[in-house]
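Colleague: I've got this chain open at my desk and could use a guided tour. Mind if I just fire questions at you?

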Amino acid sequence: MALDLIIIYAAPMVGIWAAYMVTRKRREAHSAAKFTAAREAGLLEPASLHPVIDPAKCIGCGSCVRACPEGDIIGLIGGKASLVEPSHCIGHGACEVVCPVNAITLVFGTETRGVDIPNVAEDFQTNVPGIYIAGELGGMGLVRNAIEQGRQAIDSIRKVTRTGDRQMLDVVIVGCGPAGLSASLAAMQHKLRSVTVEQDSLGGTVAHFPRGKLVMTAPFTLPLVGKFNIRELSKEELIGFFMNIVRKTRLKINLGERVESVARAPNGFEVRTTRSTYRTRSVLLTIGRRGTPRRLDVPGEDQTKVVYRLIDPEQYRGQHVLVVGGGDAALEAACSVAEQPGTTVTLSHRSGSFNRAKLKNRERVDEMRQSGRLNVLFHSTIRQVEPDAVEIEADGSAQRLRNQAVIVCAGGILPTSFLESMGIEVETKYGTA
Ligand SMILES: Cc1cc2nc3c(=O)[nH]c(=O)nc-3n(C[C@H](O)[C@H](O)[C@H](O)COP(=O)(O)OP(=O)(O)OC[C@H]3O[C@@H](n4cnc5c(N)ncnc54)[C@H](O)[C@@H]3O)c2cc1C
Ligand code: SF4
């Protein structure tokens, strides 16, 4: 009788435990496969702030795995939490908050890949008095943090008294991602004389998310607008929200204008851009960490058909497209556009091989070349971009190709050298907080 009772009560528990173990084993195998794929693709370096997990403390509860809003970034392998897709981590930090045994520390960079973080004081001022930094450039990523910091930085700037010089601006805001937008609204709210300059389009990094990407955010407050409580929305909805605000508040943003230098001038700074020169008593850098894409510097490059990043391959269906560059970004862009129906794609590279790119991408390019889906021009240089064509010099002879779109993937100029040119100190972090 007693044995019967034990069997009756124990059997379901054993069943539940066995089902749990099977599911857990399957999940661990899935995580291990993801990690192997990331290692083979050479994608083991997180871009910025990311968790480091102490295996001696981890009890394998999986809270961090469930807490990460980006999905499969952390997984359990061998009963311990591991970063399985490090390069996809964007530093939400939700894992650190939920870990019951404090096994997670958030750090910048790794032992092999340093991350440059500028020295910024609590009032967002750098070591150069009058130059301020807010948003992801200062090390604090995420949309909400950028918005909060943009507003707070303007609060600090407005406390500094104005000069009597009416020709002088109070602040030039460089970049109009979430931090720059929030700062620009705050400057408007406090009636500061300000100019916002954005080299690309409104929204910063958000505008470059893949189509339909779900943006996870915490509530934030935008100056002149108020509280924003939605926690999950698509990239398109967030950009639409930003555009609506700009329209309603009549905020002026100089889009397509890049700041090239910031130099000391009497009582402040001289900010030189691709279109103008501004005199200002302070500068707020909200330029993020993506840097400035390297340009071709050829006639016709300012046409809207020339872009510096592939966002949506489908938009090129049926078009004649030129991709410029020899790194992974160029090879991936060329192949994914060439896979779209009706496209004619040429990949132009100034040297004679793609030896900087990963093997997987080189093999994909070879396959597409052989099947006639992709035309590759080695030792080639773009001479001119015309409305419906491009002029290219390849192996010493000039060619004119029909063209409707140019995607330049020639790398970028990282913010560090820009900051150093202004005298701002940066510290390289190798896996430290
Ligand atoms: C793939 C991916 C997914 C992400 N998902 C999320 C998410 O779900 N939730 C979340 O909260 N965060 C997410 N993030 C992080 C978030 O996008 C950034 O933290 C945030 O955009 C930082 O805002 P920012 O204003 O500081 O900089 P950015 O958004 O990078 O904006 C900087 C702007 O400055 C401009 N600029 C740079 N140099 C110059 C110059 N010299 N002159 C003029 N303009 C210049 C740039 O063109 C850019 O528009 C994600 C990031 C990535 C890469
Ligand atoms: S939350 Fe902490 S203890 Fe739990 S799996 Fe993650 S790192 Fe390990």
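Colleague: How many bridges pair β7 with β8?

Modeller: Bear in mind this is a predicted model, where local features need pLDDT of at least 70, side-chain atom pairs count only at pLDDT 80 or more, and totals for chains, interfaces and linings use all residues. Residues are numbered from 1 along each chain as its sequence is written, while chains are lettered from A and ligands numbered from 1 in the order in which they are written. Strands are DSSP runs of E with at least two residues, helices are runs of H or I with at least four, both numbered from the N terminus, and two strands pair if DSSP finds at least two bridges between them. In the parallel pair of β7 and β8, Val171 sits opposite Ser194 of β8, and the bridge count is four.

Colleague: Which strands are at the edges of the open sheet that holds β6, β17, β7, β8 and β13?

Modeller: The pairing in this five-strand sheet is parallel, and the order reads β6-β17-β7-β8-β13. At the far end, β8 joins β13 through two bridges, with Glu198 partnered by Leu255 in β13. An edge strand here pairs on one side only, and that picks out β6 (131–133) and β13 (254–255).

Colleague: Which residues of β7 are buried on the two sides?

Modeller: Buried means 20 or more other C-beta atoms, placed from the backbone, within 10 Å of a residue's own; 12 or fewer is exposed, and in between is partly exposed. In a regular strand the side chains alternate between the two faces of the sheet. β7 is covered on both faces, with Val171 and Ile173 on one side and, on the other, Val172 and Val174.

Colleague: What angle does α4 make with β6?

Modeller: Axes are lines fitted to C-alpha atoms, for helices over the stretch in contact, and the angles run from 0 to 180 degrees between N-to-C directions. α4 lies across β6, β7 (171–174) and β17 (283–285). Its angle to β6 is about 160°.

Colleague: Is Leu285 buried or exposed?

Modeller: Leu285 belongs to strand β17. Leaving out residues up to four places away in sequence, it touches Ile131, Tyr132, Ile133, Leu137, Val174 and Gly175, a contact being two C-beta atoms, placed from the backbone, within 7 Å. With 30 other C-beta atoms within 10 Å, Leu285 is buried.

Colleague: Which elements give two or more residues to the shell around ligand 1?

Modeller: A residue is near a molecule or strand if its C-beta atom, placed from the backbone, lies within 6 Å of it. That gives 33 residues around ligand 1, with Gly135, Gly175, Gly177, Gly204 and Gly288 nearest. The elements are α4 (143–159), α5 (178–189), β8 (194–198) and β9 (214–216).

Colleague: And ligand 2, how many charged residues does its shell have?

Modeller: It is surrounded by 14 residues, the closest being Cys58, Cys61, Cys64, Ala81 and Cys99. Asp, Glu, Lys and Arg count as charged, Ala, Val, Leu, Ile, Met, Phe, Trp, Tyr, Cys and Pro as nonpolar, and the others, Gly among them, as polar. The shell divides into eleven nonpolar and three polar residues, and the charged count is zero: no charged.

Colleague: How far apart are the C-alpha centres of domain 1 and domain 3?

Modeller: The bounds come from an automatic or database domain assignment. It gives domain 1 (2–112), domain 2 (116–291 + 415–429) and domain 3 (306–412). Between the centres of domain 1 and domain 3 the distance is 39 Å.

Colleague: Why is one side of β19 and of β22 left without a neighbour in their sheet?

Modeller: They belong to an open sheet of five strands with parallel pairing, ordered β19-β26-β20-β21-β22. β19 (306–307) and β22 (374–377) stand at the edges, so one side of each lacks a neighbour, as each has a single partner strand.

Colleague: Which residue in the turn between β24 and β25 has a positive phi?

Modeller: β24 (389–394) and β25 pair antiparallel over six bridges, with Ile392 opposite Gln399. β25 (397–402) is hardly covered, with zero buried among its six residues. The two strands form a hairpin with two residues between them, and the one with phi of about 50° is Asp395.
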